[in-house]
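Hi everyone, thanks for making time for this. I'll put the structure up first, and then we can walk through a few spots together.

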Amino acid sequence: MMGDPIQLKDEGNKHFQAGDIDKAIECYTNAIKVCKDKKVLAVIHRNRSACYLKKENYANAASDASKAIDVDAADIKALYRRCQALEKLGKLDMAFKDVQRCATIEPKNKTFLETLRRLGAEIQAKLKTTFSTDSRVQNMFDILLDEEMEKDKREKAANNLIVLSREDAGADRIFQNNGVSLLLNMMETGKPEMILAAIRTLSGMCTGHKARAMAITHLVGIDKMCSIMAVDNEEIALATCNLFQSVNDSLTGGDKREYGKEEALVLDASKDLKTILLSLLEMVGSKKVSGHGRDQALNLLSKNVPRKDKKEKDNSRTLFTIDHGLKKILKVCGQVPELPDQLPLTENTQLIASVLLNRLHEDLTCDPERKQFRDICDEYIKSKIDPNDMDKTIHAINTISGLLQGPFDVGNSLVGQQGIMEMMVALCGSEREVDQMVAVEALIHSSTKMSRASFIITNGVSLLKDIYKKTKNQKIKIRALVGLCKLGSAGGDDYSLRQFAEGSTEKLAKQCRKWLCNPQIDSKTRKWAIEGLAYLTNDADVKDDFVEDEPALKAMFELAKSTDKTIIYAVACALVNCTNCYEKKEIIPELVQLAKFSKQHVPEQHPKDKKDFIQKRVKRLLKAGVISALAVMVKADNSILTDQTKEMLSRIFLALSEDPKDRGIIVAQGGGKALIPLALEGTDAGKVKASHALAKIAAISNPEIAFPGERVYEVVRPLVSLLHTDRDGIQNFEALRSLTNLAGYSEKLRVKIVKEKALPEIENYMFEEHDQIRQAATECMCNLVTCKEVQDRYLEDGNDKMKLLVLLCGEDDDDIQLAAAGALAMLTAAQKKLCTKMTHVTTQWLEILQRLCLHTDPKIQHRGLVIVYNMLNSDDSELPKKLIESEILEILSVIGKAEDNPKRQEPIDTARTCLVKAMDLGLIKPFTGPS
């Protein structure tokens, strides 16, 4: 639409006055396109600047005002508008100059003088804090780098510095004041507490700021960061890992700032990210790196290399890592700590490496990529096998063990290759204990899949029995035993598929428990005893014996709390078996008949896997302290606590919280807090199970005790997720009960529940045919109605919310009536309009109200009478008349004239208050006796 600029400008003015800012901007923009007159153009720019101010688009507002000022330097409106925009953009000194010019042109204008005074004061204050932050930063460094200073002063300065670095302004100050080189000086002192403070400060400075993160990476140097992570100090390695993570997050888009034109120029991070990736891979295989440093390098790779979301197409980071680092990761898996000249490791390193291999393999998208992965592994193993060098050969076999614990199929295909199995068998008969140990462990790991196990059962059982009987070495005896346990449990919990003779699994288990309780044996070997029990507890007799043996349970829980986290999976397996919370296939009776008829195998349940046995086992586990062990296990690092393990822990928690009487113990030992991370991350099934356990606990506990501090707000989302229609009825019901409990505690919790979009779901369940679910939803709504947003939903027109609530008051079920009448009483008290709305939604309103007021339950009766009182109090003058002309007056009189009765006092008092109100309104005459 091209037209006359003056006409377009006038149209824009009309839209502006009418408050339609978008239309006004459109008209002014069109006018600017066609206007040739400079002065008119200046006016249009000035007007559009006013629009942008209204829209809070301050950059454009300042730009338009500047264009008007370019034409007329004394354009006072444009100057003042630019001043307002610049102030909002934080450019106080420039805004101050503009308003100074305005005040020079119109010295008596009060608005200009007031703005001038205010901006002057703000600039002064800003200068003051700038100087004070500068001096504060300098002061902290002086204290930290002063050798003579007392220790506690230095610690305080270090903590202050870390806190300061977490605010954007503080981080900027440290950076501008030569902070990075001062932090490097702190690292050079070589004192662990100084290094920690410096690393944590850098972490804060790099968080969420791409440009600063890049600058710091260059100033400190990636090599320097790696060399610090490589020191043998767990805390420092972890802090440096966090620094790398914040750098990575900022460089890969964790930073949402607008950098304008310079972005492409300054902030191409791909080169830095590639250098970091190569440096971490270098660390994985380097002898100079401590075990803790290696763990953190593997953790960083595990977290940042594979795609977070498989919908993303680009897995180039994984392919790059496989090309440049797969052999280095395999080298870690193959280390045999008993041999000389190995890489420094912690007890967790090799499992973290296996998990990383698995994540990389899962991130591959096609067969050629998988083939390349397999080929590199194959080539690596072949290069290590040397009949004349036993140390190299057992390195190869141990590498296969690592693959079998990670991408199993890759490991399995290597075991199946010619000569490998024979080599394992030969090593089992070697003179050296270390050869036997590595070979037995590899045999154990390779018998995971049933079909593979049957091959090993034929060859391996006799071999392992042989080793078990002959060896004097406890370590090898236990490992041989676990191999036998694993092969003995290949039939799962199917009672009829037992591999060994009756009673021999119990014997094996008894031996495992004995070792587990023996403090003389090293923890790595005792860990294998738990592995054995993880397999043997498929058998119900073993489960029952195990939970009766309290010292064995306590020994397992103590090991689960130790620094060796590789044990978590085995402990979780044993607990899943003891509580029978594994995924069970539904057995259809007709199919069983059919299978028997066609002589097929039918799974049988062990008599001790029936419900009452399971409940007894749960009680035993709780008594032995299972919750405190689970609470520690949940805190393990994600590289070891895989999604699958999290799901197992969630299943265990759900099984333990089945009986309401046990939930107090779970809360007391920290189970409530431990469940929150399980409900927020992991597999879908795991998150649902953990949320369900949370719902069971939150329904009957005091939320402030079960989930102390801010944690209680994190519980809301998992509970709301259980309201989804995909979840089953018992989950919906327990979620509604737990939300009812939370909503009764505080306004802040009610607001959080509303924010998580729970209302539509709760309203749906108020229509539910199932009585208990309908009751739970109504009770939940009753606790939420004090919330303003909920009241607004009832005030909206065009829905049946109010009608449903009134009709629920007329239900036969007392509990539903109680909840619905409570909600209605609170709503009509809070929003007078709802008193009138209530009478329009259904013709039965009066009849329902009378039934409430005549109810035999004093609580329901009281709520009905409160609704009557609210209606007498409403703004609609016809409503009280309607009520008093109906039978309600008679009901009020009968209740009000009754004698005081402590059991029914509340309804009696409320009825009397209603009668007094009716008198005040002049609807009834005061009661007078005969003269």
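**A walk through the model**

Let's begin with Gln 831, which is buried, at a relative accessible area of 16%. Keep in mind that what you see on screen is a predicted model. Where does Gln 831 lie? You'll find Gln 831 in the loop between α47 (814-830) and α48 (833-841). If we skip residues up to four places away in sequence, Gln 831 touches Lys 788, Gln 791 and Leu 795.

Okay, another glutamine. Gln 511 sits in helix α27, which covers residues 504-516. Setting aside neighbours within four places in sequence, Gln 511 is in contact with Tyr 468 and Leu 481. And how far apart are Gln 511 and Glu 150 in space? From C-alpha to C-alpha they are 56 Å apart, with their positions 361 residues apart in sequence.

Now, cysteines. For anyone new to this, a disulfide is a covalent bond that joins the sulfur atoms of two cysteines. How many disulfides does this structure hold? Zero. Let's look at two of the cysteines and ask why. Take Cys 51: the closest cysteine sulfur belongs to Cys 27, and at 9.4 Å from the sulfur of Cys 51 that's too far for a bond. To count as a disulfide, the two sulfurs would have to be within 2.5 Å. Cys 51 is also buried, with 0% relative accessibility. Then there's Cys 226, where the closest cysteine sulfur is in Cys 241, 11 Å away, so again too far for a bond. Cys 226 is buried too, with a relative accessible area of 9%.

Next, have a look at helix α23, residues 420-428. Which residues of α23 are buried? They are Ile 420, Met 421, Met 424, Leu 427 and Cys 428. These residues cover an arc of only 125 degrees around the axis, so they are on the same side of α23. Swing round to the other side of α23 and you meet Glu 422 and Ala 426, which are exposed.

On to backbone angles. Most residues other than glycine have a negative phi, so a positive one is a nice thing to stop at. I've got two for you. Glu 56 has a positive phi, near 60 degrees, and it isn't a glycine. Glu 56 is in the loop between α3 (38-54) and α4 (58-71). Asn 580 isn't a glycine either, and its phi is positive, about 50 degrees. This one is in the loop between α31 (568-578) and α32 (589-597). So, are they buried or exposed? Glu 56 counts as exposed, at 58% relative accessibility, whereas Asn 580 counts as buried, at 5%.

Last stop: a pair of helices. The axes of α41 (residues 729-743) and α42 (residues 747-755) come within 8 Å and cross at roughly 140 degrees. That angle makes α41 and α42 oblique to each other. Which residues make the contact? From α41 we have Leu 739, Leu 742 and Ala 743, and from α42 there are Leu 749, Arg 750 and Ile 753. Sorted by class, the contact between α41 and α42 has five nonpolar residues, no polar ones and one charged one.

That's my tour, so over to you for questions!

Technical notes. Residues numbered from 1 in each chain as written. Predicted model: local features only at pLDDT ≥ 70, side-chain atom pairs only at ≥ 80, totals over all residues. Heavy atoms only, no water. Buried < 20%, exposed > 50% of the residue type's maximum accessible area, 1.4 Å probe, protein only. Helix = DSSP H or I, 4+ residues; strand = E, 2+ residues; numbered from the N terminus. Arc of directions from axis to C-beta. Axes fitted to C-alpha atoms, helices over the stretch in contact; angles between N-to-C directions. Parallel < 35°, antiparallel > 145°, perpendicular 65-115°, else oblique. Contact = heavy atoms within 4.5 Å. Nonpolar A, V, L, I, M, F, W, Y, C, P; charged D, E, K, R; others polar.
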